[in-house]
Amino acid sequence: MSSTTLIFLVLPLIFSFLMIAWISSNRKNSQMKNIFLVTLILLSLWFTNLILQVLFSTYYNVDPAIFENITYISACLAPIFIYFISLAFKNPNMQFGKKHLMYFIVPVITLLVLWTNKYHHLFYIKYSIDINETIFGAYFYIHSAYTYTILVLGLANLIIHSIKTSGIFSKQSILFFMGTAIPVLLNFLGTFKVITMSIYITPISFSVALLLYAISIFKYDFLNLTPIALELIVNTISDGYLVLDENNIIINNNTAFLNFFDLSKNNIKNKHIFELKNFIKIFNSKNSLLKALGKCKSGNKVEFEQIYKDKYFMTTISPIYKDKQYIGTLIFVSDITQHKKDMQIIQNNQTMLIEKERLASLGQMIGGIAHNLKTPIFSISGGLEGLNDLIEEFDTSIEDPTVNNQDMHDIATDMKNWIDKLKTHVSYMSDVITAVKGQAVTLSEENSIDFSVEELFKHIDILMKHEIKNALITLNIENNVNNTKLIKGNINSLVQVINNIISNAIEAYNGKPNQKIDLTADLENNNIVISITDYGPGIPLEIREKLFKEMITTKGKDGTGLGLFMSYSTIKAHFHGNMTLQSELDKGTKFTISIPC
């Protein structure tokens, strides 16, 4: 019997030493690790003392009760430390202080009562290795009630928290449940003499429980900040992530992260983040990464865009909090190489569309300019002919004795009148050229000036005159804003925006003649409000909702949808204003531009 007992005690002792070595090798330095080691050391002392008890009582006839005085040091303290394991499990950042010393009051009293038992027999009336033959004293039941209460509370904490974290059917929860059921059930049945049990069963059952707990906590990374149940899911996502504890030790990662940085053949768990040399390369140095992690621990979210092996990565470093306490760091890495390429393509296409739209506007404008300049050119040509005739008349009249001074004055007056007419036409041509020059340049803020609504409408009238006239449309211009209220910005950009809306209004009439477009300006709450109203077919609701959000057109293949999209962007970005529209089918459309002055 003693040989069998020794085997059952020596094997758990060896397992205890192996677990101590295994957990000590875990590089993660935490309260959980330290408390677990203390518990294993107590369990090892427990087994060692029991082995000595078997040897000395069997071969040297030493009273086994003597060893019980030492054995109970571990027996009293082990449940307390198991309870502490559950507290650290629920809150890894929990600080153990003086208040936790209160848990040791009853164990200390127990040891004092046990060590003085021969004087009062409050703990044992009769002691035996076989619990069924032992007669317990009154205090033993107080000790047992306290020990089981602490033990059950601790084990309940472990089970409940494990179920919340990873589910009732996870490997970790099942291991915790098995580890809890074995010692509690055996000791309960043995204490109340339901089954025959020796005193050696208790530490053996505790060793089995601690082995299962150790596998749950350290082998399966149960303290992982990310539930294990999600591992299959997160390994399928294209973005990579790392989870670090408060000491920057890696406690979780997914497959995508390993693939990003050529680590697919490595087990990086429990390694320090600085050991990932390929990952550090995207930060240029350890110091850069260290500064980023420091900012993160201070509660700041940090983002970096880096290049590794011709690939672009966006790295986001975020703090992880539990109950407002920092418990770790999440590093999220996205491969944005394709996104970069797509953005470049979009940017190139957008530039081409803008250029196409600008050239189309220029082509349309040049046609109008050619027509607008014909009339003053013909007038100037006629005026020059008139001046030429007057010059010849003046030249021949010099030798003519019949011509008097009054005739000379009349010729001079006619010449002056022709010159005044020519000045008017030249001034008009100058205005047209000035307006055209402004529209011919690319949209920019380089020519930001203060200008009045009167100047704005003058440019619009000049540039749109031919298109309006050719479409047999009437443009009613009404300016209710005095010239003291000025708009700051690039007048040419605003002209192009309004001209684009007027052109759309003309096209909305689809060639129907004798229609009108109203262009008005009013002052409302220190904002200049410009309205362009047509009375055409209106804009469908599905297009109306998207008009300023994306490039959409009602013109089919004849339109790009860029005009209004860019117009809205120009008003927002360049003039800090707003642009809205109201439209009703078969009644017309009204665009409103509001700009602070």
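This is a short chat about a predicted model of one protein chain.

User: How many helices and strands are in the protein chain?
Analyst: The model is predicted. The protein chain has 18 helices and 14 strands.

User: What share of the residues counts as buried?
Analyst: Of 597 residues, 45% are buried.

User: And the exposed surface, how many Å² is that?
Analyst: About 31,700 Å² for the protein chain. Carbon and sulfur atoms supply 60% of that area.

User: What about contacts between residues at least 6 apart in sequence? What share joins residues at least 24 apart?
Analyst: That share is 64% in the protein chain.

User: New topic. Strand 3 and strand 4: parallel or antiparallel?
Analyst: Antiparallel, over three bridges. Strand 3 covers residues 240–245 and strand 4 covers residues 250–253.

User: Which residue in strand 4 is the bridge partner of Val243?
Analyst: Asn252.

User: What joins the two strands?
Analyst: Strand 3 and strand 4 form a hairpin, with four residues between them. Asn248 sits in that turn and has a positive phi of about 65°.

User: Switching to charges. How many salt bridges are there?
Analyst: The count comes to two salt bridges. One of them joins Asp335 and Lys311, with the closest N and O atoms 4.0 Å apart.

User: Where do Asp335 and Lys311 lie?
Analyst: Asp335 is in strand 7 (residues 325–335), and Lys311 is in strand 6 (residues 311–322), so the pair ties together parts 24 residues apart in sequence.

User: Are those two buried or exposed?
Analyst: Asp335 is partly exposed, at 30% relative accessibility. Lys311 is partly exposed too, at 40%.

User: And which side chains meet in a salt bridge at 3.5 Å?
Analyst: Those of Glu584 and Lys587, N to O. Glu584 counts as partly exposed at 45% relative accessibility. Lys587, at 55%, counts as exposed because the cut-off for that is over 50%.

User: Now helix 15. What span should its 18 residues have?
Analyst: Helix 15 (residues 453–470) should span 26 Å at 1.5 Å a residue. Its end C-alpha atoms are 25 Å apart, which agrees.

User: Where does helix 15 bend?
Analyst: At Met464, by about 55°. Met464 is also one of the buried residues of helix 15.

User: Which other residues of helix 15 are buried?
Analyst: Among them are Val453, Leu456, Phe457, Ile460 and Leu463. The list also includes His459, His466 and Glu467.

User: What follows helix 15?
Analyst: Leu472, with a positive phi near 55°.

How values were computed. Residues numbered from 1 in each chain as written. Predicted model: local features only at pLDDT ≥ 70, side-chain atom pairs only at ≥ 80, totals over all residues. Heavy atoms only, no water. Buried < 20%, exposed > 50% of the residue type's maximum accessible area, 1.4 Å probe, protein only. Contact = heavy atoms within 4.5 Å. Areas by Shrake-Rupley, 256 points an atom, 1.4 Å probe, with all protein chains shown as cover. Pairing = 2+ DSSP bridges. Expected span 1.5 Å × (residues − 1). Bend = angle between axes of the 7 residues up to and from the residue.
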